[in-house]
Amino acid sequence: RHQAHCAVEAKLTGDACVTVKITLPPKDVHVNEELSHTATATASATATASATAIACVSVEEGKTRMGIEDVEGMGKVLSAELTTVMQEKALEEATKKALEKAMLDRDVSAKEAASTAKMQAAEKLKMEAEGAASAKAAELAEVGAKSAAEAAAKAAAEAAAKAKAQGTAGAAAGEKAAVAAGAAAEEGAQNGAESQAKDAALAKASDAAAAAAGEKATQVEEEAKAAADAAAAAADA
C-alpha cells in the first residue's frame, strides 16, 4: 500500500551512441581548356562522396545540455527525457562529422574529376588540331599541284609557239636562199654558162633549204617534247 506513494528513482549509465551515414548528391565538374587562344574544348565529370560517422554522448553531457547537472536522483520521466536528449545530441554530432567528411571527400573527388576532365578536353583539342592541320596540308598540296600544272602548261604553250615561229623563220630562210641561188644562176647564164650554172645553183639552193628546214624541225621537236614531259611531271605531282 505504501509503495504506490513512493517515488521510483531511475539510474542511467553508459553513453548514447548514434551511427550516421551521409551520401552527398553528385557534383558536376566542367572544365574549359584553351589552346593558343584559338580553340577551346569542354569536358565534364561527376564527383560523388559518402561518409559514415559515430558519435556518443555521456549522461553528464546530456545533463549539461538539459541544465540539470546538479540533479542526482531522477524519476522515469526525467530519465526518459535525458535519454532522448542524449540521443539527439549524438545524432547531431554524428551528422556533423559525417557531413564534414563527405564534403571533404567530395572536394577531393571533384579535384580528381576536374583533372580527368581537363585531360579529356586537352586530348579533344589535340585531335581537332591534328585534323585541322591535315586538312590544311591537303589543301595546300592541292593548290601547289594545280599551280605547278598551270605553270607547266604555260611553258609548253610558249615552247610550242616558239617552235612554230622558228619553223616559219626556217622556211623563210630557205625561200630566201632559193631566190638568191636563182639570181646567181641567172647571172652565171649571162656569163656563158647558163644551163650548168642554173642547175648547180638550183641544186645548191635546194640542199641549203632542206638542211635549214631539217635542223629547225629537229630543234622544234626536241623543245616540244621537253615541254610535254615537264607538263606531265607537274600533273603527276
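**Exercise 1. Find which residues touch the most other members of the largest nonpolar core, and which elements supply that core.**

Step 1. Begin with the centre of the network: of the 18 residues in the largest nonpolar core, Val-20, Ile-22, Leu-82, Met-86 and Ala-98 touch the most other members. A nonpolar core here is a set of buried Ala, Val, Leu, Ile, Met, Phe, Trp, Tyr and Cys residues joined through side-chain atoms within 4.5 Å.

Step 2. Now look at the elements: β1, β2 and α2 (76-236) each give two or more residues to this core. The most comes from α2, with six residues.

Step 3. Before going on, note what you are looking at. This is a predicted model, in which local features need pLDDT of at least 70 and side-chain atom pairs count only at pLDDT 80 or more, while totals for chains, interfaces and linings use all residues. Residues are numbered from 1 along each chain as its sequence is written, and side-chain values use heavy atoms, with hydrogens and water left out.

**Exercise 2. Describe the order of the secondary structure along the chain.**

Step 1. Count the elements: there are two helices and two strands. These are DSSP runs, numbered from the N terminus: helices are H or I with at least four residues, strands are E with at least two.

Step 2. Read along the sequence, and the pattern is β-β-α-α.

Step 3. Add the totals. The chain has 237 residues, and 23% of them count as buried. Buried means under 20% relative accessible area, exposed means over 50%, and partly exposed lies in between (1.4 Å probe, protein chains only).

Step 4. Consider how contacts span the sequence. Among contacts in the chain with a separation of 6 or more, 76% join residues 24 or more positions apart. A contact means heavy atoms within 4.5 Å.

**Exercise 3. Work out the surroundings of Val-18 and Val-20.**

Step 1. Place Val-18: this residue lies in strand β1. Its relative accessibility is 18%, so Val-18 counts as buried.

Step 2. List its partners. Not counting residues up to four places away in sequence, Val-18 touches Ala-53, Ile-54, Ala-55, Gln-87, Ala-90, Leu-91 and Ala-94.

Step 3. Check a distance: Val-18 and Glu-88 are 70 residues apart along the chain, and their C-alpha atoms are separated by 8.9 Å.

Step 4. Turn to Val-20. Leaving aside neighbours within four places in sequence, Val-20 is in contact with Ala-51, Thr-52, Ala-53, Leu-91, Ala-94, Thr-95 and Ala-98.

**Exercise 4. Identify the disulfide and explain its handedness.**

Step 1. Recall the chemistry: a disulfide is a covalent bond between the sulfur atoms of two cysteines. The rule used here asks for a pair of cysteine sulfur atoms within 2.5 Å.

Step 2. Apply the rule, and the count comes to one disulfide. Its partners are Cys-17 and Cys-56, with sulfur atoms 2.0 Å apart.

Step 3. Ask what the pair connects: Cys-17 lies in strand β1 (residues 15-35) and Cys-56 in strand β2, so the disulfide ties together parts that are 39 residues apart in sequence.

Step 4. Look at the torsion. About the S-S bond of Cys-17 and Cys-56 it is about 115°, so the disulfide is right-handed.

Step 5. Check exposure. Cys-17 is partly exposed, with a relative accessible area of 47%, and Cys-56 is partly exposed too, at 35%.

**Exercise 5. Show where the buried residues of helix α1 lie around its axis.**

Step 1. Find them: in α1 (residues 59-66), Val-59, Gly-62 and Lys-63 are buried.

Step 2. Look down the axis of α1. The buried residues fall within an arc of 100°, so they line one face of the helix. That arc is taken from the directions from the helix axis to the C-beta atoms.

Step 3. Step past the end: just after α1, Gly-67 takes a positive phi of about 80°.

**Exercise 6. Judge the confidence of the model.**

Step 1. Take the average: the chain has a mean pLDDT of 74, and 63% of the residues score at least 70. pLDDT is the predictor's confidence in each residue, from 0 to 100.

Step 2. Compare elements: confidence is lowest in α2, at a mean of 74, and highest in α1, at 91.

Step 3. Inspect the start of the chain. Over residues 1-5 the pLDDT is below 50, and beyond near neighbours in sequence this stretch has zero contacts in the model.
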